[in-house]
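Welcome! Here are some short exercises with worked solutions, to be read with the model in view. Try each task yourself before going on to its solution.

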Amino acid sequence: MIHWEDEGILLSARPFGENDLVAQVLTRQHGRHAGLVRGGQSLKKRSTYEPGNRLHVRWGGRLSEHLGHYDAEVLDNISGRLFDEPGRLAALLSAAAICEQSVPEREENPSFFEGFLVLLEHLESDFWGEIYVRWELAQLSALGFGIDLSACAGGGNNDQLAYISPKSGRAVSLAAGEPYKDKLFPLPMFLLGQGGGGITEIYQGLEIAGHFLERHLFHPHDKTLPSVRDRLVENFS
């Protein structure tokens with residue numbers, strides 16, 4: 001038998017048979033890892049396995065490649081605190097769904113866990129929308145598809161970056177992008193550390209991140225962005 005313990009964030013828990021669940025957990029040291037939760041559909045255990053919950057998990061299996069089984073204790077139940085905050089809850093569920101479909105399975109890479117942990121720590125702050133946009137872009141970058149805000153793709157003035165190319169993911173200056181502005185994404189200034197963001201800029205950021213998430217992570221696998229993300233975007237449209 002193989003056993004390990006780790007800290008994790010629950011991404012999903014789906015019914016398996018009449019009484020059990022299959023839980024997907026983003027762990028610090030073991031990557032995205034699934035496991036069977038025996039009796040997980042019971043009232044006693046169901047509240048433990050809510051998306052976004054921080055958990056101390058114990059996994060066991062006869063062989064490492066087996067599904068194995070989970071037992072867990074709750075370290076933080078943020079989803080319960082966000083129950084009456086539909087926008088913030090949608091952000092939490094959207095992040096969990098994106099992680100489930102994009103983070104490599106069973107590959108140790110603590111950066112995914114640490115990034116999600118930072119998001120959780122800020123979902124109850126006043127700037128949760130801006131933090132969420134930064135999280136999606138960081139997720140893209142960690143998977144090798146980051147956008148480039150370091151310089152103008154068209155050779156324009158780097159002090160006046162104003163757009164992002166939907167093709168290259170690179171920033172474009174105000175002057176260089178003027179003839180093509182209808183085909184470019186407006187660049188939210190908070191991504192450059194200028195200003196505090198706000199509803200309009202968060203919406204712009206979600207449009208940019210959503211475009212590249214679909215292009216690089218979802219469409220190649222004939223998938224679409226999670227529907228809960230659409231509910232998140234509606235909060236800022």
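**Exercise 1.** How many aromatic pairs does a search of the whole structure find?

*Solution.* Start with the ground rules. This is a predicted model, in which local features need pLDDT of at least 70 and side-chain atom pairs count only at pLDDT 80 or more, while totals for chains, interfaces and linings use all residues. Residues are numbered from 1 along each chain as its sequence is written, and side-chain values use heavy atoms, with hydrogens and water left out.

Next, the criterion: rings of Phe, Tyr and Trp (its six-membered ring) pair if their centres lie within 6.5 Å; planes under 30 degrees apart count as stacked, over 60 as edge-to-face and the rest as tilted. The search finds five such pairs.

One of them is formed by Trp4 and Trp59, which are stacked at 5.7 Å centre to centre with 15° between the planes. Trp4 belongs to strand 1 (residues 2-16) and Trp59 to strand 4 (residues 54-61), so this pair ties together parts 55 residues apart in sequence. Helices (H or I, at least four residues) and strands (E, at least two) are DSSP runs, numbered from the N terminus. Both Trp4 and Trp59 are buried, where buried means under 20% relative accessible area, exposed over 50% and partly exposed in between (1.4 Å probe, protein chains only).

Now look at Phe116 and Trp135, a tilted pair with 5.8 Å centre to centre and 50° between the planes. Phe116 sits in helix 4 (residues 110-122) and Trp135 in helix 5 (residues 128-142), 19 residues apart. Phe116 and Trp135 are buried as well.

Last step: ring pairs also link Trp4, Trp59 and Tyr70 into a cluster.

**Exercise 2.** Find the order of the strands in the open sheet that three strands form.

*Solution.* Two strands pair if DSSP finds at least two bridges between them. Take strand 6 (residues 161-164) and strand 7 (residues 171-173): they run antiparallel and are joined by three bridges. Here Ile164 has Ala171 as its bridge partner, and Leu161 stands opposite Ser173. Six residues lie between the strands of this hairpin, where Gly169 takes a positive phi near 75°.

Then turn to strand 8 (residues 185-186), which is joined to strand 6 by two bridges and runs antiparallel to it. Tyr163 has Pro186 as its bridge partner in strand 8.

Put together, the order is 7-6-8, with antiparallel pairing. Strand 7 and strand 8 stand at the edges with a single partner strand each, so one side of each has no neighbour in the sheet.

**Exercise 3.** Explain why helix 3 can be called largely enclosed by the rest of the structure.

*Solution.* First locate helix 3: residues 86-102, 17 residues in total. From first C-alpha to last, helix 3 reaches 24 Å, close to the expected 24 Å (1.5 Å times one less than its number of residues). Then check burial: 14 of the 17 residues are buried, so helix 3 is largely enclosed.

**Exercise 4.** Describe the protein as a whole.

*Solution.* Count the elements: eight helices and eight strands. The radius of gyration, taken over C-alpha atoms, is 20 Å. The globule rule (2.2 Å times the number of residues to the power 0.38) gives 18 Å for 237 residues, close to that value, so the protein is as compact as a globular protein of that length. Finally, 46% of the 237 residues count as buried.
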